[in-house]
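Here are my notes for your first read-through. Keep the viewer open and click along as you go.

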Amino acid sequence: MKLSKFFAALLGTLALPAAMAGVYPQCPSDVTALGTDSVDPATGLTLRTYTPPGGNRKVCLHVVAGDGWQVLGDGRQAYGFGFAPAQGRDEEVMINGIAAAKFPAPTITFQEGDEVWLSLTNVGMIHRPDLFDQHSVHWHGYPQASAIFDGVPQASATVQMGSTFTYYYKVNDPGTFMWHCHVEATEHMEMGMLGMLNVLPRQNGSARTNDGKTFTRFAYNDGDGSTGYDREFSLQMGAVDSNFHELHELVQPLPFLELKGDFTQLNGRGYPMTTLENQADMPVGADAPALSQQLHSVLRATAGDRVLLRLTNLSVDAYYTLTAMGLPMRIVGRGAAIARGPAGDSWAHNTASVTLGGGDGVDLLIDTRGVAPGTYYLYTTNLNFLSNGANEDRGGLMTTFVLQ
Ligand SMILES: [Cu+2]
């Protein structure tokens, strides 16, 4: 019997009363009573929203932090820590959260102006019962009003095993952000506690004409439609250091000095798994109760579309370069800000490739007017990253862009 199954059985019989200590997510009473739920079909993450008359939209959501399993590009299973949507109510959240971590964490999308109550429940690490690590939620690069909700352990609350804590945010800045756990950040981030966080600008819904096309959705409040798009996609670059994850299954010192991702990924999968659009086609780890790698990375567009690609890197040890041969790319934002200087002068520019370090992100527009329909490849030009571990041929950081 695998250790994790043994401890799951143990929790089910002996430790249940402790797990039932209480899961109390906070959400304002008007949202609870009058709000409506919207469920992300890809990840199962539920946002409960309510807009009081004349007020800002209020949003409540609930995630769990724990451990789980993912399948690497060579078919091996790798242990990790991660986030997942909370499932059920009260103690069900604890039970359903066991070994249920998702890689990457669910993509979260808010609107500028939102008031957000985000509850985090730490369900513990079933496969490593010797660990009593806290977890937190940190919005990377986001100017939070107060350190208390920033998730950095030295300056804010962290969440103990079996506990639930509700973060409050006033979402005043649109852009492409990331979220991750900040507790023992190098370890917990390498283990998989990473996701994307997009904030849609207030300008959305108004019409702006730019370069001969009229748009109603934008990456930023640009005033001139220069960040307008027809479709948007979020891609997170990263990697798994298979040795680090394997060593993590047992109690021992971890080789931080040797951290080096050998399985590069887009949205938590290595090519060709990045192109498995049907979730049922994606393998599930032998020890995982359900699919943990929910997000494929196939970008689909219709000829003539202007496509926004929100591209981030949350690797803890490497820079990655991404290119898209045959597709014109234009950088219109970087570091969750529109590509403009302090005087408003634009530094948006066309590029053939993008290189990002850990924690960096860009907003790219791909204008498909004049591009022939077909299948294009987005891939890293670091050839050593186009692999699935020792399998050198066409793996890792690559996906397809299908233009119809
Ligand atoms: Cu953590």
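1. Start with Cys-181: its relative accessibility is 0%, and since anything under 20% counts as buried, this residue is buried. Bear in mind that you are looking at a predicted model.

2. Now try Met-193. Is Met-193 buried or exposed? Its relative accessible area is 0% too, so Met-193 is buried.

3. Which residues coordinate the copper ion? His-135 and His-188 each do so through ND1, Cys-181 through SG and Met-193 through SD, at 2.0 to 2.8 Å. Along the chain, these donors follow the spacing H-x45-C-x6-H-x4-M. Cys-181 sits in the loop between β9 and α5 (185-190), and Met-193 in the loop between α5 and β10, so the two of them tie together parts that are 12 residues apart in sequence.

4. What about the geometry? The four donor atoms subtend angles of 86 to 129° around the copper ion, and the arrangement is therefore tetrahedral. For reference, the ideal angle for four tetrahedral donors is 109.5 degrees.

5. Next, have a look at the largest nonpolar core, which has 46 residues. The members that touch the most others are Leu-61, Phe-83, Phe-110, Leu-118 and Val-137. Several strands supply at least two residues each, including β4 (77-85), β6 (115-124) and β8 (164-170). Which strand gives the largest share? That would be β3, with five residues. As a general point, nonpolar side chains in soluble globular proteins tend to be buried together.

6. Click on Val-137 to see who surrounds it. Beyond its neighbours within four places in sequence, Val-137 is in contact with Phe-83 and Leu-118, and its other contacts include Phe-149, Tyr-167, Trp-179 and His-180. Another core, of 29 residues, lies apart from this one, and among its members are Met-329, Val-371, Leu-378 and Leu-403.

7. Leu-403 also belongs to a strand worth a visit, β24 (residues 398-403), where six of six residues are buried. Met-398, Thr-400 and Val-402 point one way, while Thr-399, Phe-401 and Leu-403 point the other way. In a regular strand, side chains alternate between the two faces of the sheet.

8. Finally, check the partners of β24. Strand β15 (residues 299-301) pairs with β24 in the parallel sense over three bridges, with Leu-299 standing opposite Phe-401. Strand β23 (residues 374-380) runs antiparallel to β24, joined by six bridges, and here Tyr-376 stands opposite Phe-401.

Note on methods. Residues are numbered from 1 along each chain as its sequence is written. This is a predicted model: local features need pLDDT of at least 70, side-chain atom pairs count only at pLDDT 80 or more; totals for chains, interfaces and linings use all residues. Side-chain values use heavy atoms; hydrogens and water are left out. A nonpolar core is a set of buried Ala, Val, Leu, Ile, Met, Phe, Trp, Tyr and Cys residues joined through side-chain atoms within 4.5 Å. Buried means under 20% relative accessible area, exposed over 50%, partly exposed in between (1.4 Å probe, protein chains only). Helices (H or I, at least four residues) and strands (E, at least two) are DSSP runs, numbered from the N terminus. Contact means heavy atoms within 4.5 Å. Donors are N, O and S atoms within 2.8 Å of the metal (3.2 Å for Na, K and Ca); water is not among the atoms, so sites may look incomplete. Four donors count as tetrahedral if all angles lie between 85 and 135 degrees; four count as square planar and six as octahedral if opposite donors are over 155 degrees apart and all others between 65 and 115; anything else is irregular. Two strands pair if DSSP finds at least two bridges between them.
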